[in-house]
Amino acid sequence: MGLIVYGTQYGTSKKYGLELAQITGDKVIDSQQLVGEIEATHVILIGSLYAGRMMGLKKVLQKLTTGKHELTLITVGMTDPAAEMLEKMQQSIQKQVTDKKVQLRGCYHLQGTVDYQQLALKHKLVIKPMLLAFKKKGPEELDEQARALLQAFEGTQSIQKIDFTDLAQKIYS
Ligand SMILES: Cc1cc2nc3c(=O)[nH]c(=O)nc-3n(C[C@H](O)[C@H](O)[C@H](O)COP(=O)(O)O)c2cc1C
């Protein structure tokens with residue numbers, strides 16, 4: 001049995017963690033609630049991306065032991081899964097795992113969700129100038145990533161349904 005740990009601000013990664021656990025039967029815990037040693041040898045971290053950082057990763061890595069644990073990473077964010085930027089982000093996240101000498105079993109990405117109105121003021125202050133800058137430019141001047149972010153925050157992007165059964169099979173194959 002594995003342990004699913006989620007790192008979230010607004011609940012998307014928690015929701016995804018619970019959906020995955022319904023299929024895998026793994027226990028689920030908030031990264032903030034990790035105390036003591038982790039008994040499960042396989043840990044699956046579902047963590048939301050904020051400015052390129054994966055929520056919960058630091059806490060999980062503190063709890064893992066070289067040679068005992070295997071880690072699967074599932075990033076959650078608005079970055080297009082096909083974007084080069086996501087690959088770079090994930091490479092830097094994966095490096096933190098290999099630096100800790102923990103075995104990385106796999107790395108996946110799920111499309112996140114966002115509701116600008118629900119954001120905390122600190123996040124609105126970061127996002128608002130970025131959206132204004134994007135809006136000043138014409139759509140043809142924006143790269144794929146910028147277009148995806150703009151659509152996400154305007155609520156006009158197409159939400160793809162996540163196949164958790166397929167994800168569980170990939171994780172456990
Ligand atoms: C301030 C801020 C920064 C973000 N940075 C990133 C990012 O670097 N990469 C990304 O893919 N998504 C980014 N996002 C989108 C979130 O990862 C996405 O909305 C996610 O679903 C939030 O998950 P949560 O509900 O579990 O907190 C950002 C969102 C906010 C509000």
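**Exercise 1. Gln151**

Task: In this predicted model, find the helix that holds Gln151. Then decide whether Gln151 is buried, partly exposed or exposed.

Solution.
- Step 1. Gln151 sits in helix α5.
- Step 2. Count the other C-beta atoms within 10 Å of Gln151: there are 15.
- Step 3. Apply the cut-offs. Buried needs 20 or more, and exposed needs 12 or fewer. With 15, Gln151 is therefore partly exposed.
- Step 4. List the contacts of Gln151, leaving aside neighbours within four places in sequence. They are Thr156 and Gln157.
- Step 5. Check a residue elsewhere in the chain. Val60 is 91 residues from Gln151 along the chain, and their C-alpha atoms are separated by 32 Å.

**Exercise 2. The end of helix α5**

Task: Which residues does helix α5 span, and is Glu154 buried or exposed?

Solution.
- Step 1. Helix α5 covers residues 144–154, and Glu154 lies in it.
- Step 2. Glu154 has 12 C-beta neighbours inside 10 Å, so it counts as exposed.
- Step 3. Now compare sequence and space. Glu154 and Leu3 are 151 residues apart in sequence. From C-alpha to C-alpha, Glu154 and Leu3 are 35 Å apart.

**Exercise 3. The chain as a whole**

Task: Write down the order of helices and strands, then judge how compact the chain is.

Solution.
- Step 1. The chain has six helices and six strands.
- Step 2. Read from the N terminus: β-α-β-β-β-α-β-α-β-α-α-α.
- Step 3. The radius of gyration is 17 Å, and the globule rule gives 16 Å for 173 residues. The two values are close, so the chain is as compact as a globular protein of that length.
- Step 4. Along the principal axes, the C-alpha atoms fill a box of roughly 50 × 30 × 30 Å.
- Step 5. Of the 173 residues, 28% count as buried.
- Step 6. Take the contacts with a separation of 6 or more. Residues 24 or more positions apart account for 74% of them.

**Exercise 4. The annotated domain**

Task: Which residues does the UniProt domain annotation cover, and how much of that span is helix and strand?

Solution.
- Step 1. The unreviewed UniProt entry carries the annotation "domain: Flavodoxin" for residues 3–130.
- Step 2. That span is 36% helix and 29% strand.
- Step 3. The end C-alpha atoms of the span lie 36 Å apart.

**Exercise 5. The nonpolar core**

Task: Find the strand that gives the most residues to the largest nonpolar core.

Solution.
- Step 1. The largest nonpolar core has 28 residues. Ile4, Val43, Leu45 and Ile46 have the most contacts inside it.
- Step 2. List the elements that each supply at least two residues: β1, α1, β3, α2, β5, α3 and α6.
- Step 3. Pick the top contributor. β3 gives the most, with five residues.
- Step 4. Follow Val43. Beyond neighbours within four places in sequence, its contacts are Gly2, Leu3, Val5, Ile38, Val60, Leu64, His69 and Leu71.
- Step 5. Recall the general tendency: in soluble globular proteins, nonpolar side chains tend to be buried together.

**Exercise 6. The ligand shell and Ser48**

Task: Describe the shell around the ligand by class. Then decide whether Ser48 is buried or exposed.

Solution.
- Step 1. There are 22 residues around the ligand. The closest are Tyr10, Thr12, Ser48, Gly77 and Gly112.
- Step 2. Sort the shell by class: 10 nonpolar, 12 polar and no charged residues.
- Step 3. Locate the suppliers. α1, β3, β5 and α4 each give at least two residues.
- Step 4. Turn to Ser48, found in strand β3. Ser48 has 26 C-beta neighbours inside 10 Å, so it counts as buried.
- Step 5. Look at its contacts beyond four places in sequence. Among them are Thr12, Gly77 and Gly112.

**Exercise 7. Positive phi**

Task: Where do Ala51 and Lys101 lie, and what are the phi values of Ala51 and Lys101?

Solution.
- Step 1. Ala51 lies in the loop between β3 and β4. Its phi is positive, about 50°, although Ala51 is not a glycine.
- Step 2. Ala51 counts as exposed because it has 6 C-beta neighbours inside 10 Å.
- Step 3. Lys101 lies in the loop between α3 and β6. Its phi is near 60°, a positive value in a residue other than glycine.
- Step 4. With 10 other C-beta atoms within 10 Å, Lys101 is exposed.

Note on methods
Residues are numbered from 1 along each chain as its sequence is written. This is a predicted model: local features need pLDDT of at least 70, side-chain atom pairs count only at pLDDT 80 or more; totals for chains, interfaces and linings use all residues. A residue is near a molecule or strand if its C-beta atom, placed from the backbone, lies within 6 Å of it. Helices (H or I, at least four residues) and strands (E, at least two) are DSSP runs, numbered from the N terminus. Ala, Val, Leu, Ile, Met, Phe, Trp, Tyr, Cys and Pro count as nonpolar, Asp, Glu, Lys and Arg as charged, and the others, Gly among them, as polar. UniProt positions are given in the numbering used here, feature names are shortened, and annotations may be inferred rather than shown by experiment. A nonpolar core is a set of buried Ala, Val, Leu, Ile, Met, Phe, Trp, Tyr and Cys residues joined through C-beta atoms within 7 Å. Two residues are in contact if their C-beta atoms, placed from the backbone, lie within 7 Å. The radius of gyration is taken over C-alpha atoms; the globule rule is 2.2 Å times the number of residues to the power 0.38.
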